[in-house]
Structure formats: structure tokens, C-alpha cells
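Biologist: Please give me a close look at one part of this model, the strand pairing and the aromatic rings around it. I would like it as one connected walk-through.

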Amino acid sequence: MRSRLTALVLIAAGLAGCTTTEEANTVIQSRWIGQPVELFFSQYGPPLSQFPMASGNVIYTWRGGDADRYIAPTYATPAPVKTRTKTVTRETRPGVTETQVITTGNYPPAQPQMISPPRYEQLFCELQITADQRQSIIAIRASNDTDGEGLSFSRCAEVLNAHPQK
């Protein structure tokens, strides 16, 4: 019982350290709003695209942290088929007995069945960054954020080191 409680506490502590996209957005915004957009791009790489607005603002789409994660197949072992064993003992002649064991059921045992095949999952962080006429960031948010490589819920938090201070 004590080892189960310890395991639950460790799992809860691990999950408490995970950063969500919402938490990452808050950290990213506090760090980058008001900063020159070129500073962001020089640190993390160029944008994928840009869309100039009539107001003079520019909306950039940036993507980074691309990685592939291998997801192993999952299997289930079917419940074993019930077998029945019957032992028959008989005397074949005086003083000599013969014992016969008869087992009925499904042999060989059922093989594990694949529930989901192996696959690769693409991990990345995609941001929309709005810069004003002076090229200062006025808005920044994760527009597409996958799970992280480890136990993180946010790839953007990993790539931009945007973990909230607790």
C-alpha cells in the first residue's frame, strides 16, 4: 500500500511540472511583447510567412522545434481459453494400473493482438506574431502547439523555454 501511495505522489509531482499551451502563452507574451520582432527571429529562426496589414502591422507565422516521436505498437493478450483436464486411472490387469491425462482446450495459447500499430507523431511549435510599424511585437501566441517530447503538454514551452515560475 505504501509503495502505491509513493508512486501516486511521484506521478502527481511529475504532472504538476508539466506546462500547458495556455501557461506557455502567458510566459511567451510576458517575455516578448514590446521586443523587436527581429530579436525573436535572430534567436529562434526566420518566419515561415508574413502577411502585411493595411494598418502597417505585419502578422508573421513562425514554426520551430520540429521532431518526430516514435509511438510503439500496443498489444493486448486475450484472456486464456479455459482448459479442462481429466485424469482417468484404470487397472489393465491385476496389480497394473494405467493413468491417462486428457486436456481439452485451445492450444497453443492465444497470441497477443495488436490494438494500435506503431506510428510516428510530429512535434512542433507554431506561433503567430504581430508586429507594429516599428517592428515591435504587439501580440504573440501559439497557434498550433503539440505535446512536448517528454511529459510536457506544450512543445512551445520546450522550444522557447517558456515554463512558468512556480
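Modeller: Happy to; I will go from the strands to the rings and finish at a hairpin. This is a predicted model, in which local features need pLDDT of at least 70 and side-chain atom pairs count only at pLDDT 80 or more, while totals for chains, interfaces and linings use all residues. Residues are numbered from 1 along each chain as its sequence is written, and side-chain values use heavy atoms, with hydrogens and water left out.

Let's start with strand 7. Strands are DSSP runs of E with at least two residues, helices are runs of H or I with at least four, and both are numbered from the N terminus. Two strands pair if DSSP finds at least two bridges between them. Strand 7 (residues 119–131) is paired with strand 2 (residues 58–71), antiparallel, over twelve bridges. Within that pairing, Gly 64 has Cys 125 of strand 7 as its bridge partner. Strand 7 also pairs with strand 8 (residues 137–145), again antiparallel, and this pairing runs over seven bridges. Here Glu 126 is bridged to Asn 144 in strand 8. Five residues lie between the strands in the hairpin of strand 7 and strand 8, and Gln 135 there has a positive phi near 65 degrees.

Now for the side chains. The charged end of Arg 63 sits over the ring of Phe 124, 3.6 Å from its centre; the test asks for CZ of Arg or NZ of Lys within 6 Å of the ring centre and within 35 degrees of the ring normal.

Rings of Phe, Tyr and Trp (its six-membered ring) pair if their centres lie within 6.5 Å, with planes under 30 degrees apart called stacked, over 60 edge-to-face and the rest tilted. The whole structure has eight aromatic pairs. One of them is Phe 40 with Tyr 44, a tilted pair at 5.0 Å centre to centre and 45 degrees between the planes. These two are about one helical turn apart, because they are four residues apart in helix 3 (residues 37–44). Phe 40 is buried, at 0% relative accessibility, whereas Tyr 44 is partly exposed at 22% (buried is under 20% relative accessible area, exposed over 50%, partly exposed in between, with a 1.4 Å probe and protein chains only). Both belong to one aromatic cluster with Trp 32, Phe 41, Tyr 60 and Trp 62.

Finally, strand 4 (residues 84–93) is hardly covered, with zero buried residues among its ten. Strand 4 pairs with strand 5 (residues 96–104), antiparallel, over nine bridges, and Lys 86 has Ile 102 of strand 5 as its bridge partner. Their hairpin has two residues between the strands, and Gly 95 has a positive phi near 85 degrees.
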